[in-house]
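I opened this notebook page to record what I looked up, in the order in which I looked it up. The entries go from the whole chain to single residues.

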Amino acid sequence: MGGAAAPEQPRVPAEQGTGRARSPVWTATVDVVIPVHNEERALPGCLRVLHDYLSQRFPLHWTITVVDNASTDDTRRVAAEVAEQLDGVRVLHLDRKGRGLALRTAWSWSDADVVVYMDVDLSTDLDALLPLVAPLVNGHSDIAIGSRLARGARTVRGPRREVISRCYNALIRLTHGAGFSDAQCGFKAARTEVIRPLLDHVRDDAWFFDTELLLLAEHNGLRVHEVPVDWVEDVDSRVHVAKTALDDIRGLVRVARAKATGAARVSGLPHRPEPRPLHPDAVVARRDTGLLWQLLSFGVIGALSTVATLVLYAVLRTWCGPLLANLLALTATTLLNTEANRRFTFTGARGPSGRVHLQGAVVFALYYALTSVALLALHQFAPTATRGTELAVLLVASVLGTAGRFLLLRTWVFRADRRPAARAGQIASNPPASNPPADNPPADNGSASDRSADNDEKGTE
């Protein structure tokens, strides 16, 4: 029916080609979820444009699911009317508001192999949809996200949103060591069998849902694929930027605490095997992460950090005392130093970035204590010491502190993981099997949801 996904059609291999060599072609079902709250004006146009695109240009079996989360206008009625007119469109209604809650409910309920989320304003160009889901269908990746900040992306949006977005994503990378560039682009997809165990551990029901999901995914070793997108800002937005930003910062702190305590570990997820050569006679390269490499890398990073610290100290010293200037300068450079060493120096070590930065903070405190004691001792024995003398003493203390930091980082913060490399539940080379249809939406999360079938919202297959 109009290209819509049929739950009773599981993914099966089909043979193609007329020659001697034949390869399987796997089909998959994709559920495109659109959460809406008071969107009676924007929803009809969104559904018709999306339906036309999927019918004419999308090669996989698909369904559109509208999730009306506690709208107070005529969004629910409008959604039901459009679903009656268009094949492959179905409607869910929730009595509680929350974009994260809407996605959690719809993705948990979906019977598709791949679940997608996009905003009702269709800010993201739909030509990115197939590149988004393709690596999930073939099993290469677990979650895929559109990125407005990746190389090749093109965006049209105001400077305020641009600055806030870049600062927020930089904060995520700095505090959590995230590998993705854009946490909150409203264009994401996931393999259903992978996303379901994660959903039980995502606590946020609002706008931080995306970030928390991605941080948990990376923390548990899942592969996140990024697609650069063309994106045009719709200024008719329901997002309260300032409040959302504060909630996001609180969420980052909460997730960091969960990582440090181990609460962010999710059981039941598939794990990928370590990379290995396919050719039986391959001579495999090995990245040198031994002591010599660590000394060289740590030395380069440490030298750059020391120069940055001295420059900042010299600037700040014109405005405040030596201890405060030292504290501010070290705070500004230590986070970057720790993250750089995690990524380049101690690459063989495993561990959550939250724990790494927590232990790095302890090392920082010891380093700050050493350099501060050196400055205090200087002013105790030479009260009239010049700024040049201060910098010289700070340099010597920094060199000694750097040596101590290296030992602590190598033996404690970035200690090598000596656990057995073999892990259960590795991802098979074949694409994931389809999930069984869910008869009813999940009843947890305290939400009241109903599947629209055989009633005034009937629009499903």
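The entries below cover the overall make-up, the nonpolar cores and one exposed residue.

Entry 1, overall make-up. I noted first that this is a predicted model, and then that its secondary structure comes to twelve helices and twelve strands. Of the 461 residues in the protein, buried ones make up 48%, while the exposed surface is about 22,700 Å², with carbon and sulfur atoms supplying 59% of it. I also looked at contacts between residues at least 6 apart in sequence, and 80% of these join residues at least 24 apart.

Entry 2, the cores. I found that the largest nonpolar core has 42 residues, and that I34, L47, L54, V116, L129 and V133 have the most contacts inside it. Among the elements that give two or more residues to this core are strands β3 (29-36) and β4 (61-69) and helices α1 (43-57) and α4 (129-137); the largest share, six residues, comes from α1. A second, separate core has 39 residues, including A106, F180, L198 and V255.

Entry 3, I34. Which residues is I34 in contact with, leaving aside its neighbours within four places in sequence? I listed C46, L47, L50, I64, T65, V66, V67, M118, D119 and V120.

Entry 4, Q85. I located Q85 in helix α2 and asked whether Q85 is buried or exposed. Its relative accessible area is 52%, and Q85 therefore counts as exposed, the cut-off being over 50%. The side chain of Q85 nevertheless makes a polar contact with the side chain of R48, at 2.6 Å; the C-alpha atoms of these two residues, 37 residues apart along the chain, are separated by 9.8 Å.

Methods: Residues numbered from 1 in each chain as written. Predicted model: local features only at pLDDT ≥ 70, side-chain atom pairs only at ≥ 80, totals over all residues. Heavy atoms only, no water. Core = buried A, V, L, I, M, F, W, Y, C linked by side-chain atoms within 4.5 Å. Buried < 20%, exposed > 50% of the residue type's maximum accessible area, 1.4 Å probe, protein only. Contact = heavy atoms within 4.5 Å. Polar contact = N/O pair within 3.5 Å; in protein donor to acceptor, adjacent residues only side chain to side chain. Areas by Shrake-Rupley, 256 points an atom, 1.4 Å probe, with all protein chains shown as cover.
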